[in-house]
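Reader: I should like to request a close examination of a single part of this structure. Please set it in the context of the whole chain and explain the reasoning at each step.

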Amino acid sequence: MNENQHLSSQFDEELARLRTHVLQMGGLVETQVSEAIAAYDKGDIASVKHIVETDRRINDLEKAIDDDSAHLIAKRQPAASDLRMVFGITKIVTDLERAGDEAKKIAKGVRRICEAGQMPAQYGIGVHHITDAALTMVRAALDAFARLDVELAETVIRSDQAVDIEFKSIVRQLITHMMEDPRTITTALDIIWIARAVERIGDHAKNVAEHVVFIVEGRDIRHPPKEARA
């Protein structure tokens, strides 16, 4: 093996390690969201502390991946397609970290509701359904990244609309609750806050999928031209 081949092999190994760390971070986010919604269903504030601790691990991973990405660019000076991969990774981990922040918001919302002597799930609002949809988006977006699958990424992007519609439906139901019984206003607002956090997790999954398209094809589809949105 000559020196160029050796350097290329080292770069491939470092890039593969970066991708593995991104998937590890994504797995933590997925677990964090699942635990937050389990706390919502059960009215369990004991798990909130663990969810917050997981968020710190996610933040540490984001910083480590960003540092490794910067080091890789400076040291290896990658070609265009590899450079897209590294830049795409830095954007993906930002969205994953923000999705983790939203999971922490869910957990803190559950704690507020429970400390007020209420049970979050008592209203029968479909937060679990919207969460299943958002988690499916997260899993599929990470799978699209692992396989560099543009078709799957585009499916994730399209599915975000259903999550948005579900969120609006939840808000309408809770407004009805608040109008019928003003005593529910505080808890209903907390549930809207929780549902909004879930909807934002779906947005971040969509962003990850958009970054996958950019990595594979070099297309930035985040801001389509006006005629495409008409």
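Author: Two residues are taken to be in contact when they have heavy atoms within 4.5 Å. The part chosen for this account is helix 6, and the model in which it is found is a predicted one.

The setting comes before the detail. The protein chain holds seven helices and zero strands, so that, by the rule that names these elements, its order from the N terminus reads α-α-α-α-α-α-α. Its C-alpha trace spans about 75 × 45 × 20 Å along the principal axes. Of its 230 residues, 43% count as buried. Among contacts in the chain with a separation of 6 or more, 84% join residues 24 or more positions apart. The accessible surface amounts to about 11800 Å², and carbon and sulfur atoms hold 52% of that area. The chain carries 30 positive and 38 negative charges, whose mean positions lie 3 Å apart.

Helix 6 itself has 33 residues, which should span 48 Å at 1.5 Å a residue; because its end C-alpha atoms are 48 Å apart, the two values agree. Helix 5 may be treated in like manner: its 31 residues should span 45 Å, and its end C-alpha atoms are 47 Å apart, which agrees. For helix 2, residues 48-76, the distance from the first C-alpha to the last is 42 Å, close to the 42 Å expected for its 29 residues.

The interior can now be described. The largest nonpolar core has 68 residues, and those that touch the most other members are Val22, Ile89, Leu96, Ile106 and Phe145. Two or more residues of this core come from each of helix 1 (3-42), helix 2, helix 3 (80-115), helix 4 (127-147), helix 5 (150-180) and helix 6. Helix 6 gives the most to this core, with 14 residues.

Two residues of helix 6 deserve individual attention. Ile201 lies in helix 6. Its relative accessible area is 1%, under the 20% limit, and Ile201 is therefore buried. Beyond its neighbours within four places in sequence, Ile201 is in contact with Val33, Ala99, Glu102, Ala103, Ile106, Ala134 and Val138. One of these partners, Ile106, is among the core residues that touch the most other members. Ile201 and Ala38 are 163 residues apart along the chain, and their C-alpha atoms are separated by 16 Å.

His204 also has its place in helix 6. With a relative accessibility of 4%, His204 likewise counts as buried because this value is under 20%. Outside its neighbours within four places in sequence, His204 is in contact with Asp95, Arg98, Ala99 and Glu102. Ala99 and Glu102 also appear among the contacts of Ile201. An α-helix has 3.6 residues a turn, so residues three or four places apart point the same way.

Phe145 supplies a view of helix 6 from the core. Setting aside neighbours within four places in sequence, Phe145 is in contact with Arg19, Val22, Leu23, Met85, Ile89, Ile92, Val212 and Ile215. Val22 and Ile89 are themselves listed with Phe145 among the core residues that touch the most other members.

Helix 5 adds a further side to the picture. Its buried residues are Val150, Leu152, Ala153, Val156, Ile157, Asp160, Val163, Phe167, Ile170, Val171, Leu174 and Met178. The cover over the buried residues of helix 5 includes helix 4 and helix 6. In the loop between helix 4 and helix 5 lies Leu148, whose phi is near 50°, a positive value in a residue other than glycine. Leu148 counts as partly exposed, with 30% relative accessibility.

The end of helix 6 completes the account. Just after this helix, Gly218 takes a positive phi of about 75°; just after helix 2, Gln77 takes one of about 45°. Ile221 is placed in the loop between helix 6 (185-217) and helix 7 (226-229). At 27% relative accessibility, Ile221 counts as partly exposed, because the value falls between 20% and 50%. Apart from neighbours within four places in sequence, Ile221 is in contact with Ile157, Glu210 and Val213. Of these, Ile157 is one of the buried residues of helix 5. Ile221 and Asn207 are 14 residues apart in sequence, with a C-alpha to C-alpha distance of 9.7 Å.

Methods
Residues numbered from 1 in each chain as written. Predicted model: local features only at pLDDT ≥ 70, side-chain atom pairs only at ≥ 80, totals over all residues. Heavy atoms only, no water. Helix = DSSP H or I, 4+ residues; strand = E, 2+ residues; numbered from the N terminus. Buried < 20%, exposed > 50% of the residue type's maximum accessible area, 1.4 Å probe, protein only. Areas by Shrake-Rupley, 256 points an atom, 1.4 Å probe, with all protein chains shown as cover. Lys, Arg positive; Asp, Glu negative; His and termini not counted. Charge placed at Lys NZ, Arg CZ, Asp CG, Glu CD. Expected span 1.5 Å × (residues − 1). Core = buried A, V, L, I, M, F, W, Y, C linked by side-chain atoms within 4.5 Å.
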